[in-house]
Amino acid sequence: MSRFAASALSPQRREHDLARMRREHFDVLIIGGGVTGTGAALDAASRGLRVALVEARDYAAGTSSRSSKLIHGGLRYLEQFEFGLVHEALTERDLLSGRIAPHLVHPLAFLAPLYTRFWQRAYYGAGLALYDSLSVALGHGGRLPIHKHLSKRGTRRRFPGLAADKLAGSIRYYDAQTDDARYVVTMARTAASYGVALATSTRVVDLNRDARQVTGAKVRDLESGEEFDISATTVIAATGVWSNDLSDMLHSQVGLKVRASKGIHLVVRRSAIAGETALILRTASSVLFVLPWGGHWIIGTTDTDWTLDRAHPAASAIDVAYLLELANKVLDRPLSISDVEGVYAGLRPLLSGEDEDTSSLSREHAVVEPMLGLLIVAGGKFTTYRIMARDAVDRAARRLHGVPDSRTADIPLLGADGYLAAWRSRSQIAARANLHTGVVEHLLNRYGTLTHQILALIADDPDLAAPLAGAPEYLAAEVVYAVRNEGALHADDVLTRRTRISIETSHRGDDTIEHVASLMGAELGWDAATRDSEITHYRTRVAAERDSQRQPDDATADAARLGAEDVRQPT
């Protein structure tokens, strides 16, 4: 079987992997299908270990699909003197954008506007000089251009939408951007190609123990309702803001405390702001990003404590107004709520002390072993997932023999090999496929060299070249591909994570759900009742999110969002 075939996360592959989980003993069982969990699965399997991964909902359904979409060193952490953390993140940024995932991680130019002629330019310039130095230290950097000082005229040329009054100039620097959910599902497929048994919609309901040792987990398949045990030498919990819940399963403290910090983002139509780069702006307690995102802008983020529902954090009207107010302080044309196409909220898992404000809590990570056979990895950020995964697997390897060191720094994700050559040949690829070059560019930046699989689907069924209703930048073939190869089981998986239609359209997917449900139903054998249920669930969710975003505070927004049940019911 080819590596591409072995990576297909089809419905049949899910059933096969569930059967493996029932009968095999694994060296490592990973709980959590976010970026850290899938990264740990790839790390462990590429070292030759037998690995299983279970996820209660969908790949990247939690924090890992709701980030700022940045791969960055964390410029503001320099002010906290966390030089090691910044250097580590910059090293990872260059690895991800170069060797590991050049098709998914792309350079992004930023402007840091300046409003005084001297001290800001000197202060920020020194910080960015250090940022550049840390990125090239030890020979890891050099892939992205170094920072450059710009005059007021040069700044306005690159970003006409910045208000001219008080603007003194800017400093341009580079970080990188990715579609976080697409990154995670691509990594899950890469892990599958190394033999990992993976299953989404599979919830851990208890940890199995023999005296004072964890020996595996009891899980429930949320699609069938069946419960069964998975046997493993070590369980790695990469459960983010759910890490504290393991205390209930163990009936004891787990050795670390994770606090959830809510960050919301607005998705604004591209024509609402005149500019060609990203912006980074200082706020009273943190930073604000204004980020180009295809035909849109992403504006974020907030940083506030959250103690309510963790599965579906809600953005309130005050959150939305806060971000608009911050952005409007520097924009020439003020934004209004009518410019907002989408809103999303996510929770950052922060390692907690006693009294810290969430904006000052550390983004560093920790790996703890509260009981023999159980490891918990928490904290960190998307950019440094590979380090977190490596450290967790290193700890697990202590209980095994002859386990080699991590190899993931040298393992490209599926679709990376040959990407640059394919990009250079995109016009010829488009001509052969009888598609517009822009369509092939869209596919290459989402699938890399796996684009040939999408094109093969279209060659077999030309109707799949049609754009999706209400979301013409996506093709019908991408929905079919998501089911056959990317583990999509429900319409929400496609509209929210395999594509980003739920946040990129003003209708939030309402105008697309019927087309998506029809395509998925044909692949998954849905009857009319199941198809209608998927449509109803999705539309109810969208209505609940809209309602939550009209509420005045977190409590009322949370109550409104909870009015929509999850399509995966924990029966």
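# Questions on burial, pairing and backbone

Modeller: Arg282 stands opposite Val287 in strand S13, and I should say at once that this position, like the others we discuss, is read from a predicted model.

Biologist: What makes S12 and S13 a pair, and in which sense do they run?

Modeller: Pairing requires at least two bridges found by DSSP; between S12 and S13 (residues 287-293) there are four, in the antiparallel sense, so the two strands meet the requirement. Four residues link S12 to S13 in a hairpin.

Biologist: How do you know that strand S4 and S12 pair, and where do they stand opposite each other?

Modeller: S4 (residues 105-114) shares two bridges with S12, in the parallel sense, and since at least two are required, this counts as pairing. Phe110 stands opposite Ala278 in S12.

Biologist: Why is strand S12 called largely enclosed?

Modeller: A residue is buried when its relative accessible area is under 20%. In S12 (residues 278-282) four of the five residues are buried, so the strand is largely enclosed by the rest of the structure.

Biologist: How many residues of S13 are buried, and which way do they point?

Modeller: Seven of the seven are buried, so S13 too is described as largely enclosed by the rest of the structure. Val287, Phe289, Leu291 and Trp293 point one way, while Leu288, Val290 and Pro292 point the other way, and all are buried. S13 also pairs with S14 in the antiparallel sense, over five bridges, with Val290 opposite Ile299 in S14. These two strands form a hairpin with two residues between them, and Gly294 in the turn has a positive phi of about 60 degrees.

Biologist: What makes Ser201 notable, and is it buried or exposed?

Modeller: Ser201 has a positive phi of about 50 degrees although it is not a glycine, and it is found in the loop between strand S7 (197-199) and strand S8 (202-210). Its relative accessible area is 0%, and as the cut-off for buried is under 20%, Ser201 counts as buried.

Biologist: Why is Arg508 called buried, and what is its phi?

Modeller: The relative accessibility of Arg508 is 7%, which is under 20%, so Arg508 counts as buried. Its phi is positive, about 60 degrees, although the residue is not a glycine, and its place is in the loop between helix H17 (501-504) and helix H18 (513-524).

Biologist: Why is Phe83 called partly exposed?

Modeller: Partly exposed covers what lies between the 20% and 50% cut-offs, and Phe83, at 36% relative accessibility, therefore belongs there. Phe83 is found in helix H4 (residues 83-100), and together with Phe81 and Leu130 it forms a nonpolar patch on the surface, with about 300 Å² of accessible area together.

Biologist: What makes helix H15 largely enclosed by the rest of the structure?

Modeller: Nine of the 10 residues of H15 (residues 476-485) are buried, so the helix is described in that way; among them are Glu478, Tyr481 and Asn485.

Biologist: What is the mean pLDDT of the protein chain, and over which residues is it below 50?

Modeller: The mean is 93, and 96% of the residues reach 70 or more. Over residues 354-362, however, the pLDDT is below 50, although beyond near neighbours in sequence this stretch has 22 contacts in the model. Where pLDDT is low, the predicted coordinates should not be read in detail.

Definitions and conventions. Residues are numbered from 1 along each chain as its sequence is written. This is a predicted model: local features need pLDDT of at least 70, side-chain atom pairs count only at pLDDT 80 or more; totals for chains, interfaces and linings use all residues. Side-chain values use heavy atoms; hydrogens and water are left out. Buried means under 20% relative accessible area, exposed over 50%, partly exposed in between (1.4 Å probe, protein chains only). pLDDT is the predictor's confidence in each residue, from 0 to 100. Contact means heavy atoms within 4.5 Å. Patches are made of residues with over 30% relative accessible area and no salt bridge: like charges are joined within 9 Å, nonpolar side chains (Val, Leu, Ile, Met, Phe, Trp, Tyr) within 5 Å. Accessible areas come from the Shrake-Rupley method with a 1.4 Å probe; for residues, only the protein chains shown count as cover. A salt bridge is a side-chain nitrogen of Lys or Arg within 4 Å of a carboxyl oxygen of Asp or Glu.
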